[in-house]
Amino acid sequence: MTAFSPSDLLLLLPELLVIAAACVVLVLDPVLPSHLKDGLAWLSLGTLAVCMGLISSQMGHPASAFGGMVAIDMYACFWKLLLCAVAGLTVLLSYSYLKEERLYFSEYYAFVLLSLCGMMVMVSATDLLAIYLGTELMSLSLYVLAGLKRTEPRSLEASAKYFVLGAFSSGILLYGISLLYGATGSTRLPAIADAVAGRSLDDPLLLFATILLAVGFAFKLAVVPFHMWTPDVYQGAPTSVTAFMAVASKAASFGAFLRVFAEGLSGLRTDWSMIFLLLCIATLVLGNVVALVQTNVKRMLAYSSIAHAGYALIGVVATGRMGASGDSAHGISSVLLYLALYTFMTFGAFAIVAMLRKGSLEGEEIEDFTGLAKRQPVAALLMLLFMVSLAGIPPTAGFIGKFYVFMAAVEAGMTWLAVLALVFAAVSAYYYLRLVLVMYMREPASITADSPRLVLSPTLSIVLACAVAGVVIFGIYPDPLIQLAAQATLPLK
Amino acid sequence: MAYVFFGYFAGVIALTAVLVVALRNPVYSALSLLVMFFHVAGLYVTLRAEFLFAVQLMVYAGAILIFYLFAVMFLTEKTPDRYHIQSWGSLLIGGAIIVEVVVLIGQHGISFGSSVARTAAPSPSEEGNTESIGQLLYTSYLFPFEVASLILLVAMIGAVVLSKKDLPEVPPS
């Protein structure tokens with residue numbers, strides 16, 4: 001058996017570059033004089049830019065490496081491009097955020113890069129073992145990042161909670177993988193697809209394996225009822241890390257999850273779409289309703305991210321329902337499109353929360369946004385845009401994402417699901433627009449020196465500019481992204 | 001003969017596993033867990049998986065159990081009795097699940113045998129289990145192996161970053 005050749009390493013060049021940059025950051029951190037340490041952030045950013053270039057050049061040249069263990073197809077390239085972009089935005093946001101928070105860990109950037117590497121493995125691996133290890137690499141780095149605000153008990157609690165629940169869910173995922181291996185005799189997704197074809201969930205081994213895999217991934221996706229960790233972790237972690245988790249880790253988990261279920265278990269798609277239908281409805285209801293009563297913006301955005309996972313799941317359910325006809329590609333591409341658009345608005349909202357400072361603290365309560373429009377009209381306008389987009393009101397990116405997901409549901413003959421989701425999108429408008437109301441309609445009590453204000457910096461401006469550009473441009477002219485998502489779907493059997 | 005060994009190992013595993021949760025003294029629990037790990041290792045020998053046998057002894061009986069004992073010894077002095085209280089609700093739920101399992105098995109029977117893939121059957125090669133695992137690890141499974149090494153790197157640095165004493169407080173001017 002030819003295990004691998006040097007050309008395989010060339011195919012993995014983006015991942016290798018990310019790892020190399022992480023190692024350079026780790027090694028240089030203790031030896032660099034303190035005034036040069038900012039350079040490490042720029043080094044990480046430069047590497048990510050080169051990676052994005054490499055990945056775009058790999059698009060359209062599908063290949064597989066390490067004897068079919070890793071696929072460099074359009075699907076993988078789409079996610080990798082998205083993940084690298086998010087990691088780049090995270091580095092930019094962290095550059096100013098870490099200074100405000102007085103967190104001088106240069107290892108921070110190394111962990112972001114290593115976590116990114118895990119995510120890239122997750123979305124490109126076609127072997128359950130590699131997918132699992134990618135998930136672990138991503139999660140372990142995130143556990144550390146979540147606890148970096150070491151002087152604050154809430155951050156440590158977030159880290160510990162995330163670690164315990166994450167380890168638990170990894171165990172469940174691994175148990176599912178081992179049962180699936182027992183039932184099919186392989187960990188390769190194509191081989192599993194062949195072995196599963198023609199079998200049904202009446203088979204107890206396959207039933208257990210599918211349920212355990214679904215539960216394991218549901219933890220990573222923060223889907224109800226496996227969402228318990230999300231609000232506490234998102235609230236306790238440093239906000240730049242929260243933004244990274246809410247966007248990148250969710251996107252990577254969706255990437256791996258879709259590949260496992262659509263490519264590996266496509267023979268069981270009517271069965272698993274039933275499981276995810278239930279999870280999807282529970283997520284839409286609980287995520288949106290609980291978000292209504294939050295007073296902390298980070299917690300509210302955490303519940304909002306849970307709800308958005310529910311919307312993306314609609315596309316997954318539709319994929320399973322549509323069967324092997326060409327239409328099922330619409331389901332998958334709607335999920336890709338949804339998560340790509342979700343990235344811009346959520347990251348933008350978290351960036352504003354991170355940099356809204358109240359003295360030396362973060363202004364993360366909804367109260368802190370009172371009268372922001374009077375003090376900083378531009379900041380308030382940007383937050384308004386992100387909130388409107390999250391609520392899914394046209395002409396913003398959020399509307400386009402929801403539109404395509406709902407269309408997929410209608411095409412799959414589940415109009416009632418689209419209507420239900422629409423009702424809960426209306427519910428969500430209440431809590432998103434409440435923040436807007438607070439910013440625009442309410443007078444600030446008194447303008448003092450430490451009333452919350454957005455601390456501007458060049459890097460933050462770039463982050464916000466990218467996020468706003470994504471929300472507005474893709475809201476008005478989404479065609480390029482739709483084309484890309486349509487090309488990046490998986491072939492279903 | 002193989003059945004005799006299997007019966008012995010399986011019986012002791014079941015017995016000591018029950019003792020782990022039934023014994024009141026946490027040190028005794030840990031020790032019966034140790035006995036259980038040894039017998040699981042014995043089970044691997046009967047399956048001719050000598051590599052797994054060695055790993056089981058070194059990782060579980062060696063490393064993990066020592067950590068359990070450390071944790072137990074640090075915590076036992078202050079352990080309040082609240083960990084020894086079992087609520088009646090859990091008995092109810094557990095009982096319901098057991099009844100459900102029994103009913104389901106009664107209805108369908110256990111038919112795992114037919115669904116297990118034949119291709120997955122272990123085939124002990126001539127050069128021995130350890131050697132073939134090594135071969136596979138560095139050829140077909142090289143990629144996961146390398147990812148696993150990165151995980152170890154992250155775990156090591158993460159532990160240092162989260163626990164090092166002097167926080168870097170001085171701003172890089």
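Let us start at the surface: chain A exposes about 16,100 Å², and carbon and sulfur atoms supply 71% of it. Keep in mind as you look around that this is a predicted model. Of the 493 residues of chain A, 65% count as buried. The chain is built from 20 helices and five strands. Its radius of gyration is 22 Å, close to the 23 Å that the globule rule gives for 493 residues, so chain A is as compact as a globular protein of that length. If you turn the C-alpha trace onto its principal axes, it spans about 70 × 55 × 40 Å. Contacts across the sequence are well represented too: among those with a separation of 6 or more, 81% join residues 24 or more positions apart.

A good place to begin the tour is the N-terminal part. Here Phe4(A), Leu9(A), Leu10(A), Leu13(A) and Leu16(A) form a nonpolar patch on the surface, together offering about 410 Å² of accessible area. Helix 1 (6-11) and helix 2 (13-31) of chain A each supply at least two residues of this patch. Leu10(A) belongs to helix 1 of chain A, and because its relative accessibility is 58%, above the 50% cut-off, Leu10(A) counts as exposed.

Now compare that with two residues of the interior. Thr135(A) sits in helix 6 (residues 128-146) of chain A and is buried, with a relative accessible area of 1%. Beyond its neighbours within four places in sequence, Thr135(A) is in contact with Met122(A) and Lys220(A). Val224(A), in turn, is found in the loop between helix 9 (204-221) and helix 10 (229-236) of chain A. Although it is a loop residue, Val224(A) is buried, at a relative accessible area of 5%. What does Val224(A) touch, not counting residues up to four places away in sequence? The list is Leu279(A), Ala282(A), Thr283(A), Leu286(A) and Ile306(A). The C-alpha atoms of Val224(A) and Cys280(A) are separated by 7.8 Å, with their positions 56 residues apart along the chain.

Charged side chains come next, and the structure holds 19 salt bridges. One of them pairs Asp232(A) with Arg299(A) at 3.1 Å, N to O. Asp232(A) lies in helix 10 of chain A and Arg299(A) in helix 13 (residues 297-322) of chain A, so this pair ties together parts that are 67 residues apart in sequence. Asp232(A) itself is partly exposed, at 24% relative accessibility.

Another salt bridge, between Glu263(A) and Arg259(A), has an N to O distance of 3.4 Å. Both residues lie in helix 11 (residues 239-264) of chain A, four residues apart, about one turn of the helix, and both are buried. Elsewhere, salt bridges that share partners join Glu100(A), Glu101(A), Lys149(A), Glu152(A), Arg154(A), Lys298(A), Arg357(A) and Glu364(A) into one network. Within it, Lys149(A) and Glu152(A) meet at 3.9 Å, N to O; Lys149(A) is buried, with a relative accessible area of 6%, while Glu152(A) is partly exposed at 25%.

Finally, turn to the strands. Three of them form an open antiparallel sheet in the order 4-3-5 (chain A). Strand 4 (361-362) and strand 5 (453-454) of chain A stand at the edges, each with a single partner strand, so one side of each is left without a neighbour in the sheet. Strand 3 (residues 356-358) and strand 4 of chain A pair over two bridges in the antiparallel sense, and Lys358(A) stands opposite Leu361(A) of strand 4.

Technical notes
Residues are numbered from 1 along each chain as its sequence is written. Chains are lettered from A and ligands numbered from 1 in the order in which they are written. This is a predicted model: local features need pLDDT of at least 70, side-chain atom pairs count only at pLDDT 80 or more; totals for chains, interfaces and linings use all residues. Side-chain values use heavy atoms; hydrogens and water are left out. Two strands pair if DSSP finds at least two bridges between them. Buried means under 20% relative accessible area, exposed over 50%, partly exposed in between (1.4 Å probe, protein chains only). Contact means heavy atoms within 4.5 Å. Patches are made of residues with over 30% relative accessible area and no salt bridge: like charges are joined within 9 Å, nonpolar side chains (Val, Leu, Ile, Met, Phe, Trp, Tyr) within 5 Å. Accessible areas come from the Shrake-Rupley method with a 1.4 Å probe; for residues, only the protein chains shown count as cover. A salt bridge is a side-chain nitrogen of Lys or Arg within 4 Å of a carboxyl oxygen of Asp or Glu. The radius of gyration is taken over C-alpha atoms; the globule rule is 2.2 Å times the number of residues to the power 0.38.
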